[in-house]
Amino acid sequence: MEETRNQERESLHLRSIVDVKELQRMQNLLSDATGLAAVILDASGQPVTKPSNYPDFCRKVGSSIIGQERCGQCAKNGSGIYRCHAGLMEFSKYIIVDKKLAGILIGGQALLEQPDPDYCRSVLADLGLNEEECLRALEHVPVRSQKAVEASAELFSSTIEQWVLNIYEQKKNQARVEVFLRESETVQEAMKKIKMKARELEQTAVTE
């Protein structure tokens with residue numbers, strides 16, 4: 001079941017787990033494979049990666065102060081697969097690692113059908129943008145079925161989450177090995193001291 005965005009959850013620092021450049025590369029590959037946009041935020045909602053394949057229409061809407069505020073609200077409050085304020089289909093998925101929130105994947109930015117100009121004009125009316133330019137940009141937004149958007153969202157989230165989890169587990173195991181080695185060295189030093197003390201006691205007993 002999709003969890004609500006305002007649910008409190010213990011978090012991890014995504015940047016401390018993964019190489020951001022490699023995360024960006026994976027995001028770009030998945031975005032190119034599906035033809036849909038994507039960006040990854042950390043647990044606090046700050047961008048970790050640069051947006052991949054965001055349509056020019058989204059950039060135009062985001063260039064408006066009102067549009068930027070509304071896009072921010074969608075990113076903050078959106079959950080699962082939903083329609084953004086500009087009428088595009090988005091998805092928002094938690095990246096969960098070790099039962100902790102490591103990041104948030106946001107993507108999609110697709111239409112379910114060819115755009116309705118009249119509806120789009122009503123959406124754009126109070127953004128203070130050139131409507132005709134926005135409508136031309138809207139023509140280049142990918143059109144996908146609901147099923148295709150859902151499948152892409154699952155592909156993105158499962159692939160990224162598993163990759164982050166694998167790296168996290170590798171680092172945890174490495175940390176355990178390092179702790180074990182440090183503890184082994186401590187035990188070995190303690191054993192040396194015990195042996196030295198035993199020899200001293202044996203020598204004392206012989207001389208008495």
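Start with the largest pocket, which holds about 480 Å³ of space. To find its middle, select V39, Y54, C71, A75 and E90: of the 24 lining residues, these five sit closest to the centre. Bear in mind as you look around that this is a predicted model.

Now colour the pocket wall by element. Strand 1 (37-42), helix 3 (56-62), helix 4 (65-77) and strand 4 (100-110) each give the lining at least two residues. Switch to colouring by residue class and you'll get 16 nonpolar, six polar and two charged residues around the lining. As for how such a space gets found, rolling a probe the size of a water molecule over the atoms shows where empty space is left.

Zoom out for a moment and show the whole chain as a cartoon. You should be able to count seven helices and four strands. Trace them along the sequence and the order reads α-α-β-α-α-β-β-β-α-α-α. If you colour the 208 residues by burial, 38% of them come up as buried.

Next stop: strand 1, one of the elements you saw in the pocket wall. Pick I40, which lies in this strand. Is I40 buried or exposed? Its relative accessible area is 0%, and buried means anything under 20%, so I40 counts as buried. While you're there, draw a distance from its C-alpha to that of Q24: the two are 16 residues apart in sequence and 8.7 Å apart in space.

Q24 takes you to helix 2, where it is among the buried residues. Select residues 20-34 to see the helix in full, and put a distance between its end C-alpha atoms. The gap is 21 Å, which agrees with the 21 Å that 15 residues should span at 1.5 Å a residue.

Which residues of helix 2 are buried? Show L23, Q24, M26, Q27, L30, S31 and T34 as sticks. Look down the axis and you'll find them on the same side of helix 2, because they cover an arc of only 165°. The spacing behind this is familiar: an α-helix has 3.6 residues a turn, so residues three or four places apart point the same way. Spin the view to the other side of helix 2 for the exposed K21, D32 and A33.

Finish with the two ends of the helix. At the start, select D19 and K21: a side-chain oxygen of D19 comes to within 2.9 Å of the backbone nitrogen of K21. Then jump to G35, just after helix 2, and check its backbone, where phi is positive at about 75°.

Key: Residues are numbered from 1 along each chain as its sequence is written. This is a predicted model: local features need pLDDT of at least 70, side-chain atom pairs count only at pLDDT 80 or more; totals for chains, interfaces and linings use all residues. Side-chain values use heavy atoms; hydrogens and water are left out. On a 1 Å grid over the protein atoms alone, a cavity is a set of points where a 1.4 Å probe fits but cannot get out, and a pocket is an open set with protein on both sides within 12 Å along at least five of seven lines; lining residues have an atom within 4 Å of a point. Grid points are joined across faces, edges and corners, and a volume is the space filled by probe spheres set on the points. Ala, Val, Leu, Ile, Met, Phe, Trp, Tyr, Cys and Pro count as nonpolar, Asp, Glu, Lys and Arg as charged, and the others, Gly among them, as polar. The expected span of a helix is 1.5 Å times one less than its number of residues. Buried means under 20% relative accessible area, exposed over 50%, partly exposed in between (1.4 Å probe, protein chains only). The arc is that of the directions from the helix axis to the C-beta atoms. A polar contact is a pair of N or O atoms within 3.5 Å; within protein, one must be able to donate a hydrogen and the other to accept it, and residues adjacent in sequence count only if both atoms are side-chain atoms.
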